[in-house]
Amino acid sequence: MKYEIKDIKLADKGKDRAEWAFIQMPVLARIQESFRERKPLLGQRISACLHITAETANLIKVLKEGGAEVSLCASNPLSTQDDISAYMVKHLQVPTFGVRGSTRAQYYRHIKSALEIEPTITLDDGCDLVTTIVKAGRNRYKSVIGGTEETTTGVNRLRAMEKSGLLPYPIIAVNDAKTKYLFDNRYGTGQSTIDGILRATNLLLAGKTVVVAGYGWCGRGIAMRASGMGARVIVTEVNPLRALEAVMDGYKVLPMVKAASLGDIFITATGCKNVITSAHFNRMKDNAVIANSGHFDVEIDVASLKKIAKSIKNVRENAQVFTLKSGRRIILLSEGRLVNLSAAEGHPPAVMDMSFANQALSVEFLIKNGFTLERKVYEVPAEIDIKVAKLKLESLGLKIDTLSRSQKEYLSSFSSGT
């Protein structure tokens, strides 16, 4: 079996961590039981480009239980957990290609290696795998029925492909499932981003001014968690509606150029590039901390920061101090890459439980329906979203009300009025 990991000796440690995470993933566990019995993925070959974490290992295990052959590569150079890569190879017998801190050349070599099984289904987190397929030519991967996409940035790229007529096959935007973005993006990103910043710096958030760039679901979660820990939160936005929401939620809203001189900690979560540039670095306080929680490392203009710095020093594992010519210091976390996965462990398994349940059920849906779908980006079918929500409620021991027959008739009619 071909693979490229850091150290196979880490496998047992990875096994313990994956099993610990699975305890907190009851929805995925129920899907595993169903897949084990029915084998709905039998004969399928799945190439997955995902963050190699304990939670991802459990998704891959479930897909294998369903009968699929799976190959895995990392979706970010700094998010790979090397013990999990080793666990995947030794205990799950999954060809895995991912080493924490890999170079750009290694990263794309790993993607190509994961595609060597000639997949029938692809799983992507950020669209790098699909982009590789597009560049290679659609005829190179005729076997692909369809794919899924896990994150906002990837969905944006896929919609751009669709608009340009380049989307190679139908793809389900798992990110857009309500049981994904309302929970994973908000609560998962909110908690794990703050976790990453605290692990990297050991700072006290209480009393600090935290500037959150972007008020999408990830930005909402980050702002909520920072505020809950006693920070004063400023939001920057380009979307008038989201800016208005932030105001109504009690946050101060400013352009980044004005927020730059006020913030103690800056967190980008926009999915766009050059959100923080030299125009902002030059206004920041001494010892301002900058972190990114967007998928790609383009939100903070690190190249410009390097140009205006007279010295750069690594002070902690995931923290670099850039000393400017003025003597002011700017602290960059995780090289500008997504801080929640590079400086911490990513989202808690309890929230990834729903995200990866959507992934597993969407794969089954594609196997049944992929040949009838057009080359478009599709939403997760509503029945899957509802099923995941119901399973999660059941796992929590919660019950909800149901509509009576007369209530259903009332809601579907127009005759009743004042």
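**Exercise 1. How many residues does helix H8 have, and how far does H8 reach from its first C-alpha to its last?** Then look for any bend along the way.

*Solution.* Keep in mind that this is a predicted model.
- Start with the ends: H8 covers residues 178-201, which makes 24 residues.
- Next, the span: from first to last C-alpha H8 reaches 33 Å, close to the 34 Å expected at 1.5 Å a residue.
- Now follow the axis: H8 has a kink of about 35 degrees, centred on Asp184.
- Finally, step just past the helix, where Asn202 takes a positive phi of about 60 degrees.

**Exercise 2. Work out the strand order of the eight-stranded sheet, and find what packs on it.**

*Solution.*
- Go across the sheet: the order is E9-E8-E7-E10-E11-E14-E13-E12, the sheet is open, and its pairing is mixed.
- Check the ends: E9 (252-253) and E12 (309-316) are the edge strands, each pairing on one side only.
- Zoom in on one pair: E13 (residues 319-324) and E14 (residues 329-333) run antiparallel, joined over five bridges. Here Gln320 sits opposite Leu332 of E14.
- Bring in the helices: H8 lies across E10, E11, E12, E13 and E14, at about 135 degrees to E10. Helix H9 (residues 217-228) also packs on this sheet, touching E7, E8 and E10, and its direction makes about 175 degrees with that of E7.

**Exercise 3. Do the same for the seven-stranded sheet: what is its order, and which strands stand at the edges?**

*Solution.*
- The order reads E3-E2-E1-E4-E5-E6-E15, an open sheet with parallel pairing.
- At the edges are E3 (96-97) and E15 (377-379); each has a single partner strand, so one side of each is left without a neighbour in the sheet.
- For a sample pair, take E4 (residues 121-124) and E5 (residues 146-149), which are parallel over four bridges. Thr122 faces Gly147 in E5.
- Helix H5 (residues 104-114) lies across E1, E2 and E3, running at about 175 degrees to E2.

**Exercise 4. At roughly what angle do the axes of H6 and H7 cross, and which residues make the contact?**

*Solution.*
- The axes of H6 (residues 128-136) and H7 (residues 152-164) come within 10 Å and cross at roughly 30 degrees.
- Angles under 35 degrees count as roughly parallel, so that is how H6 and H7 are related.
- H6 brings Asp128, Val130, Thr131 and Val134 to the contact, while H7 brings Arg157, Leu158 and Met161.
- Sort these by class and you get four nonpolar, one polar and two charged residues.

Definitions and conventions:
Residues numbered from 1 in each chain as written. Predicted model: local features only at pLDDT ≥ 70, side-chain atom pairs only at ≥ 80, totals over all residues. Heavy atoms only, no water. Helix = DSSP H or I, 4+ residues; strand = E, 2+ residues; numbered from the N terminus. Expected span 1.5 Å × (residues − 1). Bend = angle between axes of the 7 residues up to and from the residue. Pairing = 2+ DSSP bridges. Contact = heavy atoms within 4.5 Å. Axes fitted to C-alpha atoms, helices over the stretch in contact; angles between N-to-C directions. Parallel < 35°, antiparallel > 145°, perpendicular 65-115°, else oblique. Nonpolar A, V, L, I, M, F, W, Y, C, P; charged D, E, K, R; others polar.
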